[in-house]
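The following note sets out, point by point, what a colleague may wish to check when reading this model. Please read each point with the structure open.

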Amino acid sequence: MREKLDKVEDTIRSFLDKKPAGEKLWMRELCLAAVEAGREGNYPVASAIISLKGPRFIGTNKSFFPKFKSSGHSEMVALDAYEDSSENLPDLTLMSTLEPCLMCTARIAMSKVTRVIYLAKDASGGAIADLSLLPPDFSKSLSKIRFDEFRASKDLSEIGKCLHEIGEEIWQSTYSKTREEVSRT
């Protein structure tokens with residue numbers, strides 16, 4: 001696993017000479033943060049809450065390490081950081097290296113986020129593809145939020161797919177162990 005993450009990081013760092021700006025720069029930085037989450041043994045996902053009028057709040061996945069935490073999804077961590085601050089920023093964008101899951105999508109529906117940009121689709125756990133599966137109140141709240149798959153860089157899109165594949169491997173090995181530990185207690 002470590003070799004795959006090293007290869008992904010090397011590929012991301014090879015983009016440094018391309019001097020990305022705006023969303024490309026943020027997505028590249030999130031990919032690097034996701035690699036670090038993967039090295040810690042977590043699903044390699046990172047998210048940020050961004051506003052043009054203030055600071056940025058970054059979260060990386062902390063679901064498995066340092067200890068199991070079901071709310072440790074990167075979107076939740078970033079939203080917690082923003083909501084725990086004293087900032088009240090307009091036009092919040094949540095950027096993530098992976099399509100948000102059902103739990104995170106429900107949380108986004110209740111937040112001040114007005115736009116979500118995600119790098120890779122998550123066919124096995126993403127909730128954005130079919131918002132009609134959500135209860136009516138959530139669907140109504142989410143209809144006011146713009147959801148966009150990140151398409152500004154083919155290179156970064158490929159990295160997003162690689163991070164997702166590595167994440168699925170970590171999920172399969174770690175989650176089954178975590179469930180066994182939880183059922184023993």
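A pocket, as the term is used here, is an open set of grid points with protein on both sides within 12 Å along at least five of seven lines. The model under review is a predicted one.

1. Second largest pocket. On that definition, the second largest pocket has a volume of about 250 Å³. Its lining comprises 14 residues, and Glu 23, Ile 50, Ser 51, Leu 52 and Thr 93 are the closest to its centre. Helix H2 (22-39), strand E3 (92-98) and strand E4 (113-120) are the elements that give two or more residues to this lining. H2 gives the most, with three residues. By class, six residues of the lining are nonpolar, three are polar and five are charged.

2. Largest pocket. The volume of the largest pocket is about 430 Å³. Of the 22 residues that line the largest pocket, Tyr 43, His 73, Cys 101, Asp 122 and Trp 171 lie nearest its centre. Helix H3 (74-84) and helix H6 (154-184) each supply at least two residues of that lining, and H6 gives the most, with three residues. The lining divides into 10 nonpolar, seven polar and five charged residues.

3. Enclosed space. How many cavities of 30 Å³ or more are there? The count comes to one, and the largest cavity holds about 30 Å³ of space. Tyr 43, Pro 44, Val 45, Thr 97, Leu 98, Ala 120, Gly 160, Leu 163 and His 164 line the largest cavity. Both E3 and H6 supply at least two residues of this lining; H6 gives the most, with three residues. The lining of the largest cavity has six nonpolar and three polar residues, and no charged residues. Tyr 43 thus appears in this lining and is also among the residues that lie nearest the centre of the largest pocket.

4. Cysteines. The structure holds zero disulfides. For Cys 31, the nearest cysteine sulfur is that of Cys 162, 10.0 Å away, and Cys 31 is in no disulfide. Cys 31 counts as buried because its relative accessibility is 0%, and buried means under 20%. Cys 101 is likewise in no disulfide; the sulfur of Cys 104 is the nearest cysteine sulfur to it, at 3.7 Å. The cut-off for a disulfide is a pair of sulfur atoms within 2.5 Å, so a distance of 3.7 Å does not qualify. With 17% relative accessibility, Cys 101 also counts as buried.

5. Largest nonpolar core. In soluble globular proteins, nonpolar side chains tend to be buried together. The largest nonpolar core here has 24 residues, of which Met 27, Leu 156 and Ile 159 touch the most other members. Two or more residues come from each of helix H1 (2-13), H2, strand E1 (46-50), E4 and H6. H2 contributes the largest share of this core, eight residues. Leaving aside neighbours within four places in sequence, Leu 156 is in contact with Phe 15, Lys 24, Met 27, Arg 28, Cys 31, Leu 119 and Phe 150.

6. A further core. Apart from the largest core lies another, of 18 residues, including Ile 49, Ala 78, Val 116 and Ile 145.

7. Packing of H3 and H4. Which residues of H3 are buried? They are Ser 74, Glu 75, Met 76, Ala 78, Leu 79 and Tyr 82. The cover over the buried residues of H3 includes E1, strand E2, E3, helix H4 (102-109) and E4. In H4, the buried residues are Cys 104, Thr 105, Arg 107, Ile 108 and Ala 109. These residues of H4 pack against H3, E3, E4 and helix H5 (136-142).

8. Thr 60. This residue is in strand E2 (residues 57-60). Is Thr 60 buried or exposed? Thr 60 is buried, because its relative accessible area of 18% falls under the 20% cut-off. Beyond its neighbours within four places in sequence, Thr 60 is in contact with Ala 33, Ala 37, Val 45, Ala 46, Gly 72, Ser 74 and Val 77. Among these contacts, Ser 74 is one of the buried residues of H3, and Val 45 is one of the residues that line the largest cavity.

Note on methods: Residues are numbered from 1 along each chain as its sequence is written. This is a predicted model: local features need pLDDT of at least 70, side-chain atom pairs count only at pLDDT 80 or more; totals for chains, interfaces and linings use all residues. Side-chain values use heavy atoms; hydrogens and water are left out. Helices (H or I, at least four residues) and strands (E, at least two) are DSSP runs, numbered from the N terminus. Buried means under 20% relative accessible area, exposed over 50%, partly exposed in between (1.4 Å probe, protein chains only). Contact means heavy atoms within 4.5 Å. On a 1 Å grid over the protein atoms alone, a cavity is a set of points where a 1.4 Å probe fits but cannot get out, and a pocket is an open set with protein on both sides within 12 Å along at least five of seven lines; lining residues have an atom within 4 Å of a point. Grid points are joined across faces, edges and corners, and a volume is the space filled by probe spheres set on the points. Ala, Val, Leu, Ile, Met, Phe, Trp, Tyr, Cys and Pro count as nonpolar, Asp, Glu, Lys and Arg as charged, and the others, Gly among them, as polar. A nonpolar core is a set of buried Ala, Val, Leu, Ile, Met, Phe, Trp, Tyr and Cys residues joined through side-chain atoms within 4.5 Å.
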